[in-house]
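User: I'd like a close look at one long part of this model, and then at what surrounds it. Could you walk me through it in plain terms?

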Amino acid sequence: MSLLKEFLSQVGEGYLLIDRESRVVFGNDFLLRRGLLKEGFEGKPYYECINNLTVVKCLAEALLEGRDKVCDFSHEEREYSLYAFVGGELMVVRFSDITEFRRYERSRREFVANVSHELKTPIAVLKSLLETLYEEEDREEKKVFLEKALKRVEELRRLVEDLLILTRLESGEERLKRETINLRLLVEEVFELLESQAQERGVRLYNEVREGFKVKGDWDKLFLLVKNLVDNAIKYNRPDGSVEVRAYQRDGSAVVEVSDTGVGIPREHLPFIFERFYRVEPSRSRERGGTGLGLSIVKHIALSHGGKVQVESKEGEGSTFRVCLPLE
Ligand SMILES: Nc1ncnc2c1ncn2[C@@H]1O[C@H](COP(=O)(O)OP(=O)(O)O)[C@@H](O)[C@H]1O
Ligand SMILES: [Mg+2]
């Protein structure tokens with residue numbers, strides 16, 4: 001045991017053991033050095049010797065609920081991630097210093113945001129120049145080239161726009177409004193925006209949200225969420241297919257569903273489709289004007305509203321994306 005204790009006193013992470021009576025049985029030097037734990041902790045209740053309120057709250061919840069818990073917190077200018085494993089006799093708590101990781105994440109986000117921002121203006125200029133050239137060109141063979149160039153520039157514009165939206169959402173700096181939203185109206189406006197795209201593909205759109213159905217949240221963000229889901233449902237549909245949006249209440253949540261009759265998503269891809277740039281068929285996505293960021297944006301918006309998003313899909317039959325938003 002003493003060897004183990006010596007080992008635990010040297011490691012670069014914090015370890016804490018708490019027994020069933022909420023008493024601290026062990027805490028390593030890391031926790032003392034970082035000022036997270038008070039000297040003379042042995043045998044005392046954890047809430048009397050831990051110097052951080054967030055940690056105390058998190059451990060209380062883990063003990064109360066009897067299940068593992070993760071939470072992030074900051075203490076004396078450093079950031080930590082805590083993992084509480086609830087065992088039979090003891091609760092084992094691990095503290096990792098994630099300050100450097102967070103710093104790295106922040107600088108990555110800032111870099112992407114800056115680059116995207118810098119690219120916006122040149123792309124807009126390029127686009128309008130190409131449009132002018134296209135309009136003034138009479139020779140068909142030249143027009144074909146210009147059309148291709150325009151399509152590529154539009155792809156770029158969309159990518160930069162999505163990157164900016166996503167980095168803003170990821171930073172957590174975006175303030176969400178809490179508006180009462182008429183969901184039927186919101187879906188109607190999304191349909192108006194995507195109507196021509198749906199017609200081109202021969203896909204019919206059905207708004208099945210009942211009159212007077214309300215959700216709480218940020219109109220612009222939820223608009224973006226529904227837009228991305230309906231956009232996918234149109235793009236990955238079959239000709240003469242359909243898209244249906246429904247909404248209902250269940251277990252204290254407002255549930256919004258977007259269903260399509262499209263190609264579906266093979267089972268093995270389902271766990272990954274919400275990741276940035278993940279596509280089931282990259283060529284199909286690109287050909288249909290996708291950036292590969294739509295579902296990441298959807299996920300972030302759902303999470304920032306305290307909600308979640310799920311998907312059910314059958315290859316060749318269609319998919320249903322389900323977003324749950326808390327009512328209060
Ligand atoms: N309704 C859907 N039906 C079938 N596949 C879908 C659907 N929605 C998303 N996908 C798959 O998930 C991938 C990621 O979606 P998304 O993040 O919106 O990127 P993209 O820009 O490619 O649409 C898509 O490339 C596609 O393969
Ligand atoms: Mg998409």
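Where in helix H5 does the kink of about 30° lie?

Analyst: Happy to help! The kink of about 30° in H5 is at Lys120, shortly before the proline Pro122. The bend at a residue is the angle between axes fitted to the seven residues ending there and the seven starting there.

A word on the ground rules. This is a predicted model, in which local features need pLDDT of at least 70 and side-chain atom pairs count only at pLDDT 80 or more, while totals for chains, interfaces and linings use all residues. Residues are numbered from 1 along each chain as its sequence is written, chains are lettered from A and ligands numbered from 1 in the order in which they are written, and side-chain values use heavy atoms, with hydrogens and water left out.

Back to the helix. H5 covers residues 99–136, 38 residues in total, and its first and last C-alpha are 56 Å apart, close to the 56 Å expected at 1.5 Å a residue. The expected span is 1.5 Å times one less than the number of residues. Helices (H or I, at least four residues) and strands (E, at least two) are DSSP runs, numbered from the N terminus.

Which side chains of H5 are tucked away? Thr99, Arg109, Ser116, Ile123 and Leu130 are buried in this helix. Here buried means under 20% relative accessible area, exposed over 50%, and partly exposed in between, with a 1.4 Å probe and protein chains only. As general background, an α-helix has 3.6 residues a turn, so residues three or four places apart point the same way. Arg109 carries a charge by class, yet Arg109 counts as buried because its relative accessibility is 15%. From Arg109 to Pro282, 173 residues apart in sequence, the C-alpha to C-alpha distance is 24 Å.

Helix H6 makes a natural companion. Its 32 residues, 140–171, reach 47 Å from first C-alpha to last, close to the 46 Å expected at 1.5 Å a residue. Gly172 follows H6 and has a positive phi, near 70°.

Two loops deserve a glance for their backbone angles as well. Most residues other than glycine have a negative phi, and most peptide bonds are trans. Glu77 has a positive phi near 65° and belongs to the loop between strands E3 (69–75) and E4 (78–86). Glu77 counts as exposed because its relative accessibility is 80%. Asp251 has a positive phi too, near 45°, and its place is the loop between strands E9 (242–250) and E10 (253–260). With a relative accessible area of 76%, Asp251 is therefore exposed.

Now to the ligand. Ligand 1 has 21 residues around it, of which Asp260, Ser285, Thr291, Gly292 and Leu295 come nearest; a residue is near a molecule if one of its heavy atoms lies within 4 Å of it. By class, that shell has 10 nonpolar, eight polar and three charged residues. Ala, Val, Leu, Ile, Met, Phe, Trp, Tyr, Cys and Pro count as nonpolar, Asp, Glu, Lys and Arg as charged, and the others, Gly among them, as polar.

Polar contacts, pairs of N or O atoms within 3.5 Å, add detail. A polar side-chain atom of Asp260 is 2.8 Å from a nitrogen atom of ligand 1. Tyr236 places a polar side-chain atom 2.9 Å from an oxygen atom of ligand 1, and a polar backbone atom of Thr291 is 2.8 Å from an oxygen atom of the ligand. The protein buries 98% of the 530 Å² that ligand 1 exposes when taken alone; such areas come from the Shrake-Rupley method with a 1.4 Å probe. Helix H8 (219–235), helix H10 (294–304) and strand E12 (318–326) are the elements that give two or more residues to the shell. H8 provides the largest share, three residues.

Strand E12 holds two buried residues to look up. Phe321 sits in E12 and is buried because its relative accessibility is 6%. Its C-alpha is 5.8 Å from that of Gln310, 11 residues away along the chain. Ser319 is in E12 as well, and it counts as buried because its relative accessible area is 5%. The C-alpha atoms of Ser319 and Ser283, 36 residues apart along the chain, are separated by 20 Å.

Technical notes:
A polar contact is a pair of N or O atoms within 3.5 Å; within protein, one must be able to donate a hydrogen and the other to accept it, and residues adjacent in sequence count only if both atoms are side-chain atoms.
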